[in-house]
Amino acid sequence: MRDQSFYPRSWNNRDWKSGDIKFDMIFGESAEQKFGAPYLLAHRGDLHAALASAVPDEFVKLNHKLVGLDQTGEGVRLSFADGTSAVADAVVGADGVHSAVRDILFDTAPVKFTGRIAYRTTYPAALLGGEKIDDCTKWWGDDRHIVIYYVKPDRSEVYLVTSQPEPDFCIESWSAKGDVRDLRASFEGFHPQVGQVLAACPDVHKWAIMDRDALACWSDGKVALLGDACHPMTPYMAQGAAMAIEDAAVLSRCLDGVDRDGIVNAFRRFEATRKPRTTRVQETSRANIWLKERTDTSWVYGYDAWEVPLAA
């Protein structure tokens, strides 16, 4: 992961127009010494590749859309849309805010549109024509913001994501396209650095920001949920993937040395250990004030999923 990522100097929070610094969260080597791990900027695809590299290929089965779960004496039977099935000792649904596992297990409320949308894209930094930008900055406006940072160690690729009100748009998709002219108009008057990034931007995706209340219960028997499937995060703290990875680490500890008869209690222990933290992060992210002013960040970045005490 380190080979495909880099230390940002900081997570800099600046006023939308003047550029005045609201809070400069310093990262780099000093943060790694303080928190015991680095804060790195990277492309999401490189993170996916790093995680996938730890899993042997024979354990990954693609093109299996889950349509049913049935808990029997022999285990949990999974049924797939292609007509095949499989039996497992236990099942973990790590399938996101639109989780099929969650909807099979529980009568869940529909996802809620927040009334806000995000434009997002990556593009070659060469399109900036040699102009330099900050490593990582969130530009705070009155009712909107834009986050801009590099995603490659050689600063060859720029990423941006926004949040702004648009109550009539509710298409949630990773691939729906937006109009870059609308994006530029939405941030007209912002600091010149924002303007130059948007002027160089060739293409954008448009994404409705959805939210869903956390589930009261994360498991049913030998089936459990993880990550956004049970505690979906708005993107305002950049902690959604982090919470899922922390979940996985704690869950692995809860399952360590457990036989089939202990799975149900291991899932309950996992939920009891993680729920206070994920609830706090979810509520803090939803408020969208994280790092807007001087902030105590140690409770987020100082958490160690390998050492946190497990619930009784």
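1. A cavity, as the word is used in this note, is a set of grid points where a 1.4 Å probe fits but cannot get out, and its lining residues are those that have an atom within 4 Å of a point. The structure discussed here is a predicted model, and the remarks that follow should be read with that in mind.

2. When the whole structure is searched, 1 cavity of 30 Å³ or more is found, and the space in the largest cavity comes to about 40 Å³. The residues that line the largest cavity are Trp11, Tyr39, Lys138, Tyr236, Met237, Trp290, Leu291 and Tyr301. By class, this lining consists of 7 nonpolar residues and 1 charged residue, with no polar residue; the charged one is Lys138, because Lys counts as charged while Trp, Tyr, Met and Leu count as nonpolar.

3. Turning to the backbone, Ala238 deserves a look in the model, since this residue has a positive phi of about 55° although it is not a glycine. Ala238 is placed in the loop between β14 (223-225) and α6 (240-255). With a relative accessible area of 46%, Ala238 is partly exposed, because that class covers values between 20% and 50%.

4. Arg155 may be examined in a similar way: its phi is near 60°, which is a positive value in a residue other than glycine. The loop that holds Arg155 runs between β9 (145-150) and β10 (157-165). The side of the question that concerns exposure is settled by a relative accessible area of 30%, so Arg155 is counted as partly exposed.

Key:
Residues are numbered from 1 along each chain as its sequence is written. This is a predicted model: local features need pLDDT of at least 70, side-chain atom pairs count only at pLDDT 80 or more; totals for chains, interfaces and linings use all residues. Side-chain values use heavy atoms; hydrogens and water are left out. On a 1 Å grid over the protein atoms alone, a cavity is a set of points where a 1.4 Å probe fits but cannot get out, and a pocket is an open set with protein on both sides within 12 Å along at least five of seven lines; lining residues have an atom within 4 Å of a point. Grid points are joined across faces, edges and corners, and a volume is the space filled by probe spheres set on the points. Helices (H or I, at least four residues) and strands (E, at least two) are DSSP runs, numbered from the N terminus. Buried means under 20% relative accessible area, exposed over 50%, partly exposed in between (1.4 Å probe, protein chains only).
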